[in-house]
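Me: Please guide me through the architecture of this protein, one question at a time.

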Amino acid sequence: MQYLYHKDAKKSSLVLSGDEHRYIFKVRRHKEGELITLRNLKDDNIYFYRILSLNKKEAYLELEKSNILTVESKRKLHIAWCLIEPKSIEKVLPTLNEMGVDRITFIYCKRSQKSFKLDFKRLEKILLNSSQQCGRSSFIKLKLENSLESFLEDNPETLILNFSENILDDNLGKDTFLIGCEGGFTSEELMLFDSKNIVGLDTPLILKSESAVCTVGAKILL
């Protein structure tokens, strides 16, 4: 891990217990007197704490210094993702976070199963662990939208990934991309987009939704 998240990182002293204590005591095997790094993910600072004392249940830390250190992608990418099986989302979410995706708006599209429900607390915990590992100073912002029409009202410049000779690349000058769920888009949904806002991939193969999301992230951000 590049740092440890703690909501109170910034205070002059901290007491770590539970999972936070386990991280420095059993996983990282830190010792008394060592310096460790923490973030609160509310600001861009990284905080350096000295371990004053450490036992099997708690660790006592004292703030020694802090630096402004922003670790983010140079480009903002907003992914609009027609809702798929939550377990599939959970598998690729850390990858998207590592790439530097800024936002994901999940949308109940026509072919999304209405029985799918997202556990945002679980997703944020996954993202938190990912950011600690990759060093990112934030994590992806998540939102849920009930319909594609309402999403497009607020994001009219959205590009849709579908079959098209207009090949996706990082020079399109757009930052919001819509990815379909299994089964793709209905004809009614495609009619919401001008042909110039429909982009495709340079492949004859059909990608799964989560593969397409990762492809867009890689092409735009990496």
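The questions and answers below concern the sheets and helices of this predicted model.

Me: In what order do the strands of the open sheet of six strands lie, and what is the pairing?
Reply: The sheet is open and has six strands. Their order is E8-E7-E6-E10-E9-E11, and the pairing is parallel.

Me: Why is one side of E8 and of strand E11 left without a neighbour in the sheet?
Reply: E8 and strand E11 (198-199) each have a single partner strand. One side of each therefore has no neighbour in the sheet, because both stand at the edges.

Me: Which residue in E8 is the bridge partner of Ile104?
Reply: Strand E7 (residues 103-107) pairs with strand E8 (residues 141-145) in the parallel sense, over five bridges. Within E8, the partner of Ile104 is Leu142.

Me: Through which helix does the chain cross from E7 to E8, and what is the hand of this crossover?
Reply: The connection is a β-α-β crossover that leads from E7 to E8. The helix on this path is H3 (residues 120-134), and the crossover is right-handed.

Me: Which residue in E10 stands opposite Ala80?
Reply: Four bridges join strand E6 (residues 78-82) and strand E10 (residues 176-179), which pair in the parallel sense. Opposite Ala80, in E10, stands Leu178.

Me: What angle does the direction of helix H2 make with that of E6?
Reply: Helix H2 (residues 86-99) packs on the sheet, where H2 touches E6 and E7. The angle between the directions of H2 and E6 is about 170°.

Me: Across which strands does helix H6 lie, and at what angle does H6 run to E10?
Reply: Helix H6 (residues 209-221) lies across E6, strand E9 (159-161) and E10. Its angle to E10 is about 160°.

Me: How are H2 and H6 oriented to each other?
Reply: The axes of H2 and H6 come within 10 Å and cross at roughly 5°. Angles under 35 degrees count as roughly parallel. H2 is therefore, with respect to H6, roughly parallel.

Me: How many nonpolar, polar and charged residues does the contact of H2 with H6 have?
Reply: From H2, the contact includes Val92 and Leu96, while Val213 and Leu221 are among the residues of H6. By class, the residues are seven nonpolar, three polar and one charged.

Me: How is H2 oriented to H3, and what is the hand of their crossing?
Reply: H2 and H3 pack with their axes 9 Å apart, at an angle of about 40°. H2 is therefore oblique to H3. The crossing of the two helices is right-handed.

Me: How do the residues of the contact of H2 with H3 divide by class?
Reply: Leu93 and Pro94 are among the residues of H2 here, and they belong to a contact that includes Ile126 and Leu127 of H3. The division is six nonpolar, three polar and three charged.

Me: Which strands are the edge strands of the open sheet of five strands?
Reply: Five strands lie in the order E1-E3-E4-E5-E2, with mixed pairing. The edge strands pair on one side only, and they are strand E1 (4-5) and strand E2 (13-16).

Me: Which residue in E5 stands opposite Val15?
Reply: E2 and strand E5 (residues 59-68) run antiparallel and are joined by four bridges. Opposite Val15, in E5, stands Tyr60.

Note on methods: Residues numbered from 1 in each chain as written. Predicted model: local features only at pLDDT ≥ 70, side-chain atom pairs only at ≥ 80, totals over all residues. Heavy atoms only, no water. Pairing = 2+ DSSP bridges. Right-handed = clockwise from strand over helix to strand, strands pointing away. Contact = heavy atoms within 4.5 Å. Axes fitted to C-alpha atoms, helices over the stretch in contact; angles between N-to-C directions. Parallel < 35°, antiparallel > 145°, perpendicular 65-115°, else oblique. Nonpolar A, V, L, I, M, F, W, Y, C, P; charged D, E, K, R; others polar. Left-handed = near helix turned anticlockwise from the far one by under 90°.
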